[in-house]
Amino acid sequence: MSDLSGSEYDVAVVGGGLVGSATAWGLARLGQKVALLDEGDVAVRPSRGNFALVWVQGKGLGMPEYAGWTKRSADGWTEFAALLRDQTGIDVAYDRPGGFFPALSEAELEARAQQLQRLHNQPGVVRYDYEILDRAALRQELPFIGPDVAGASYCPLDGHCNSLRLLRALHAGLQHSGVAYRPNRRVERIEARDGGFRLATGGGEVGAGKVVLAAGHDNIRLAPMVGLDAPVRPERGHIIVTEKTIPFLRHPVGFIRQTDEGGVMIGDSFEDAGLDVGVRVGVVSTIAERAVRIFPLLGPLNVVRTWAAQRVMSRDGFPIYEQSATAPGAFLATCHSGVTLAANHALALAPHIAAGRLPQEFDVFSARRFHVPEAA
Amino acid sequence: MFQRLPNAAAERVPFTIDGRPAEAQAGDSVAAALLANGVQTCRATPVSGAPRAPYCMMGVCFDCLVTIDGVGNRQGCQVRLEPGMRVETQDGKREIGL
Ligand SMILES: Cc1cc2nc3c(=O)[nH]c(=O)nc-3n(C[C@H](O)[C@H](O)[C@H](O)COP(=O)(O)OP(=O)(O)OC[C@H]3O[C@@H](n4cnc5c(N)ncnc54)[C@H](O)[C@@H]3O)c2cc1C
Ligand code: FES
């Protein structure tokens, strides 16, 4: 918590949530001198309230590159988790048993099948396996599904982790690699000056050659200061957690999963968010009821916590990665699946930021896609 | 460890602890009945396996969790003992009825 005045860094990362922490961790690994400026404990941050899926299936309809980017991160997760464990001794409990997405009627199952087919028919989309299972086939895998379950889609690439431990491991790793983590340092203003940046916080000013905006919802306000645009909005999601029970479910099943410690997490719809904008389940009793229809054995369990958190959602649900055209050392990174994409932010995005340039493959993720004239 | 105040009039209530026959008094909570029977720990925590025993006796600390008549994670201090109850100390996570 020392005063920041006068300190100089290669990179200042704004925001210590999952996106900023993973990116800063990746930058430090490459030998960059990094400051990570964060708010205090009262901050609005989905990084502490999410569902912990590392999820691939169903993502990328409308932007095939996002399907590839997601798969790449999920493929990198085993290495990422191992690096964190070796560095910090913290096991983030990553497991990739494959994920099911259940349907509660034949119509739902059919719609799911069509949606996945459209996704996988897109030109240039990454290839990977998935299956549609009818009720009989699903019961082979999950014998305790309820009578209303018509089937499920399955993808072997899906997994989950313990996301609170992920954030803790990242922060332990940051400390280990000498990153200057500064909580209670909300960045008020950023100014591009002399080929670098000055960041004004309540606790002094920081100078850095590059800046990464990973401030979640506050990117909206910060981005224009460095010639960027972050059209994101909050989208509320609810989560219910039950008391810890003996392990019965290794696979994440849509919005139901059992944690490594035994609690069952029940969330609302989390994936395909780009398609589902406007659909807000919202009510805790509705999600609990749906979960009990899928797994009746959840019925007697006591709920120990429920909460809501705000997703950082772009207009089409896809991530925004962009380098400023007017202040080229400034980068923006925001997405609604910061757990899934953490491996990419650490291992794939950070090296480009360290090198000072986002390659062409990132153009598709630029916020310029939102600037199409309304009546073209 | 604990000794009852003398109350000879109280009705005896038979129940079982981990299958063994035991006795307590009408009006006891399950947690009080366990303590009166010399039970030192009633559960092991689900993650680290640390031993726990009834502590606050008023429904706040959740340290008194036991399995009662087959249902796990019940707060012993909040359940009145009934004749014939099957009380089991709980080793870790509760059951899910598989
Ligand atoms: C209910 C729910 C379930 C989810 N489930 C999943 C899931 O299963 N899998 C998955 O991959 N993703 C999931 N997500 C999404 C995931 O949690 C987010 O993508 C991720 O947390 C976003 O991280 P972030 O770092 O962008 O944002 P945040 O967590 O908001 O972090 C931003 C950080 O920046 C700080 N900050 C803000 N403004 C400033 C400033 N001016 N100066 C300094 N610091 C600042 C904040 O204090 C905060 O620490 C879920 C989200 C929700 C809400
Ligand atoms: S003894 Fe504290 S809740 Fe029962």
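**Notebook: ligand 1 and the domains of chain A**

I began with the domain layout and found that, taken over C-alpha atoms, the centres of domain 1 of chain A and domain 2 of chain A are separated by 36 Å. I keep in mind throughout that this is a predicted model. The assignment I looked up for chain A lists domain 1 as 8-50 + 164-231 + 316-369, domain 2 as 99-156 and domain 3 as 233-314.

I then turned to ligand 1 and asked which domains contribute to the shell around it. Domain 1 and domain 3 of chain A each supply at least three residues to that shell.

I looked up the neighbours next, and noted that ligand 1 is surrounded by 39 residues, with Asp38(A), Ser47(A), Val187(A), Asp218(A) and Gly338(A) as the closest. Sorted by class, the shell consists of 18 nonpolar, 13 polar and eight charged residues.

For the polar contacts I went through the atom pairs one at a time. In the side chain of Asp218(A), an N or O atom is 2.7 Å from a nitrogen atom of ligand 1. Two backbone entries involve oxygen atoms of the ligand: a backbone N or O atom of Leu53(A) lies 2.9 Å from an oxygen atom of ligand 1, and a backbone N or O atom of Leu18(A) lies 3.2 Å from an oxygen atom of ligand 1. I also checked how far the ligand is covered, and recorded that the protein covers 98% of the 1000 Å² of accessible area that ligand 1 has on its own.

My last look was at the pocket, where I noted that the space taken by ligand 1 is the largest pocket. The elements of chain A that give two or more residues to the shell are α1 (18-29), α6 (219-222), β12 (232-242) and β15 (303-314). Which element gives the most to the shell around ligand 1? I found that β15(A) does, with three residues.

Definitions and conventions:
Residues numbered from 1 in each chain as written. Chains lettered and ligands numbered in written order. Predicted model: local features only at pLDDT ≥ 70, side-chain atom pairs only at ≥ 80, totals over all residues. Heavy atoms only, no water. Near = heavy atom within 4 Å. Polar contact = N/O pair within 3.5 Å; in protein donor to acceptor, adjacent residues only side chain to side chain. Areas by Shrake-Rupley, 256 points an atom, 1.4 Å probe, with all protein chains shown as cover. 1 Å grid on protein atoms, 1.4 Å probe; cavity = no way out; pocket = protein on both sides within 12 Å on 5 of 7 lines; lining within 4 Å. Sits in = over half its atoms within 2 Å of the grid points. Helix = DSSP H or I, 4+ residues; strand = E, 2+ residues; numbered from the N terminus. Nonpolar A, V, L, I, M, F, W, Y, C, P; charged D, E, K, R; others polar. Domains from an automatic or database assignment.
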